[in-house]
Amino acid sequence: MTRPGIFQRLSEAPTNPHTPVAAHTFDVADLYRGPVGGDTTSSDGARRPLDEKLRQAYFWIVNTAIISPHYDVEYNDQPPASFLVGDSQVRLTLPSAQSYSSFVLLPLLTFATRRKCLFVGGPGRGKTASAVLMGVLAGYPVRDVRRAMQHGHPQMTIADLLGNPLPADLVNAQRLDDIRISWRKWLSMRVKIVDEYNRIPTRTQSALLTVMGDNYAEVLDQIYECPESAWFLTANDEQGGGTYQVIEALRDRIDVVVQALAFNSRFLGDLLTRVEENIRPEEVVPREIVFDEAEVDRLQDEIVSVEFPLDVRRRLEFFASQFELCEVAAEQFEYKTKDTARLAGADWHTLVAQDTGRDRLKDPGAQTKNGLSVRALLTLLHYAKAMAYFRGNRVVDLEDVRQILPFVLHDKLVPDTDAPFFDAPGHGAFRTDRIGWLRRLFDASCAEYDRLDLDRDDPVGALAAEFRLGLDGLTEREVRLRLLKIERLVTENAKGRKLFGNLYDDLLSLKYLHQRYTNYLRWLKTR
Amino acid sequence: MVSDAFAAVLRARRNEFNARFAEARRQNSGAEPVAFGAFLETTADVVVRAVDRVLPNCVPDVAAVAYEVGLQLVSHRLAGPGARHGALDEAWRRILPAAATLVAEAPRRVLPAMSNAAHHLAAAPGARVSAWIEALERLAPRCPDADTLLTLGQVAAWRAGLAHYRESALAAADTLPESLALSALDAVEGACWPTIRARLRAEPWFDPSRPVQEERSSDALSVAATVGAFRGFGGLFTEPPRVRAVGEWLYVQSGDEFWVLTADVFGATLHRVPVDAVASASLRLDLPPEVKVTRRGVEWRKRVLDTRAFGDPISVATTSTTLAVSCSASHHVILLPRPPIS
């Protein structure tokens with residue numbers, strides 16, 4: 001039921017309108033829709049499109065619950081108005097299409113996809129409040145959400161986090177199996193909140209990693225299987241590491257990082273209203289934007305079914321190919337990666353000092369200390385689909401990838417701030433602005449992709465597409481022709497060209513194709 | 001003074017209710033304390049008292065919902081002393097006590113639904129909201145659950161003049177107990193639902209409350225309904241309308257505005273449509289051969305409608321069941337049922 005007032009008002013207009021369909025369809029169910037909101041029909045929830053419900057939740061949060069007037073996820077349907085401000089000529093753009101606040105949008109997409117979001121930012125900026133809101137959106141009472149929230153502190157033990165063995169069982173048990181565990185309630189919740197996770201001791205972080213990564217908890221050989229859930233973690237001092245250094249594996253499990261931006265002093269009046277009215281937004285979340293478990297299941301299914309078109313995927317592939325190559329890390333071609341160097345414990349500065357002949361200013365790979373993991377790419381695909389879905393589309397747009405990418409790769413792609421790129425005029429700010437740096441990196445990659453005209457001229461892509469049609473029925477002659485084509489392409493690519501990341505991936509891909517055809521040819525001969 | 005039961009809930013949640021009123025007041029100046037107080041005393045309390053009589057344990061929940069819904073209604077001047085019409089107050093005072101058990105069981109469904117429905121009916125020109133209220137007040141005690149009550153309300157709303165809901169209301173009526181469906185449509189005694197339903201589906205001008213022996217044919221075309229009025233008198237049309245048919249849909253044009261017209265024996269409603277929707281449609285401008293426009297009026301299957309009091313006929317359109325006529329000196333659209341072949 002909608003309660004009155006600004007804290008219960010939902011956006012009534014289509015929040016991202018599309019061309020209406022179906023004229024002259026009159027449904028008597030509309031009789032019960034009107035100025036008063038509520039559970040007017042039992043099937044209302046099932047009928048309402050969930051993407052619209054998600055948008056309504058977003059707009060309720062930004063308009064009512066969280067004062068976040070930062071539209072940093074910018075969409076344009078025509079060239080935006082743009083202004084240069086100040087001595088440093090900072091660019092301010094006024095987006096021409098519906099744009100969003102990452103601080104609200106990313107947690108909401110995390111909720112919808114049941115993934116893991118880290119809020120970073122100074123104390124008192126609404127990180128925990130946002131996380132609590134997500135718990136309330138999942139249908140939990142505010143009190144339960146607050147009680148289930150795990151507060152990281154230096155004395156936190158595994159028992160504090162997961163649960164305790166029952167004392168009577170500890171005394172009487174003859175075997176470990178006989179010891180029952182009193183599991184903490186938060187483990188069973190579909191929204192899990194860990195406040196100040198970087199204050200948790202390292203040993204307890206490992207237990208948390210098991211829950212986050214493998215979705216189960218273990219105490220004294222007893223296992224508790226957790227339900228699929230969305231995770232929200234907060235950290236005051238993400239870069240500095242907090243009380244304890246966060247173990248890398250735990251950090252890697254986090255899918256997106258969002259920063260709580262500074263409070264805009266023009267909105268002090270809104271704060272005053274809250275003080276005077278004594279209202280906590282999380283306590284007045286409209287029921288219409290609360291999702292039950294089945295709805296979140298449906299959300300996930302619908303998001304996964306959003307199409308990721310080939311042309312967008314190719315650009316993402318091209319981008320992802322730029323970073324892993326480290327020519328001097330190994331002798332064998334496959335091992336020429338930054339990961340090889342990292343595993344060997346090689347000194348980074350020594351590595352980068354070895355000249356490979358590439359222009360380190362232009363090479364995107366020179367800007368990072370690592371490449372992209374499979375997990376990072378999977379996360380990127382998920383969130384790009386979620387972003388498209390949230391906007392009411394069923395096909396991912398390049399702009400969806402562009403907007404979501406910096407938040408996913410925030411902690412995944414580590415910049416080498418000593419790289420020449422960061423010393424270039426106007427690039428100094430990218431040392432501290434990871435979102436801006438990553439977006440620029442993607443833009444530069446897309447520009448290079450266009451320059452190479454890979455949308456129209458992609459011989460490696462054509463060979464891969466040809467291979468994907470299958471080997472059944474291919475004659476020996478045809479296979480030999482294809483092998484020849486591959487070898488010619490390798491020769492052509494290798495001739496007089498610097499080895500950049502994208503070429504490295506292409507060559508490995510050609511080697512893969514060559515090997516598959518070679519194996520097939522061998523099989524043909526033995527028949 | 002409100003009842004003790006209601007007063008106890010208001011007292012127990014005083015701070016919360018006051019905060020909500022303050023929010024509503026800041027958001028909407030229509031939330032007048034005096035008006036809202038009067039609404040709580042004279043309307044909401046009637047509902048709470050009725051619930052207190054049947055299921056006193058449910059009073060706190062019902063009272064809270066009544067407060068919330070009432071606050072929205074009063075803020076929008078839809079209920080209370082300053083309301084644009086008294087339909088919602090009347091619906092609360094008559095329907096909800098009659099359905100007290102169902103209200104107690106599902107207040108968050110029933111209260112908003114009944115309020116919205118009463119608002120729809122009160123706002124629809126030509127709809128008979130009092131007939132809807134009367135039907136629900138009479139029949140609500142026969143509903144076993146809230147779903148049945150809501151379905152009954154839908155069928156009764158069609159019966160009260162919302163002709164555009166005809167198809168879906170018929171489908172809704174199928175889910176009601178037969179006796180309740182027949183009562184909702186005020187069918188003649190002894191009628192059976194399958195027969196009534198079949199005729200309603202085929203004949204929009206069939207009146208289920210009219211005994212068969214009264215369904216006599218006449219030499220004159222009988223006017224079933226006149227729809228619309230001059231905008232200066234509260235209607236929709238700025239100039240005498242013109243009618244057109246597209247398939248089984250009737251369209252009305254007045255000036256540069258268009259409406260789709262739905263009509264049956266229970267009522268007629270107009271719904272604004274974009275110009276594009278009509279302009280792109282294939283309009284059927286030709287009339288069937290049995291329809292003739294003469295100096296006296298319109299002749300259809302040798303029966304005559306004398307239109308001289310309305311001026312010369314300026315447009316005529318037919319569907320398979322209905323003839324629509326508009327005239328030069330009138331802002332009405334005249335609707336006639338298709339006469340039987342003589």
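The following dialogue examines how certain descriptions of this predicted model are justified.

Colleague: What are the conventions of this model?

Modeller: Residues are numbered from 1 along each chain as its sequence is written, while chains are lettered from A and ligands numbered from 1 in the order in which they are written. The model is predicted, and local features need pLDDT (the predictor's confidence in each residue, from 0 to 100) of at least 70, side-chain atom pairs count only at pLDDT 80 or more, and totals for chains, interfaces and linings use all residues.

Colleague: What pLDDT does chain B average?

Modeller: Chain B averages 88, and 92% of the residues score at least 70.

Colleague: Why is B:Ala181 called buried?

Modeller: A residue is buried if 20 or more other C-beta atoms, placed from the backbone, lie within 10 Å of its own, exposed if 12 or fewer, and partly exposed in between. B:Ala181 has 21 other C-beta atoms within 10 Å and is therefore buried.

Colleague: Which residues is B:Ala181 in contact with, leaving aside its neighbours within four places in sequence?

Modeller: They are B:Val155, B:Ala173, B:Leu176 and B:Trp193; contact requires C-beta atoms, placed from the backbone, within 7 Å. The C-alpha atoms of B:Ala181 and B:Trp193 are separated by 7.4 Å.

Colleague: What makes β3(A) and β11(A) a pair?

Modeller: Strands (E, at least two residues) are DSSP runs, numbered from the N terminus. Two strands pair if DSSP finds at least two bridges between them; four bridges join β3 (residues 116-120) of chain A to β11(A), so these strands pair, and they run parallel. A:Cys117 stands opposite A:Val256 in β11(A).

Terms used. Contact = placed C-beta atoms within 7 Å.
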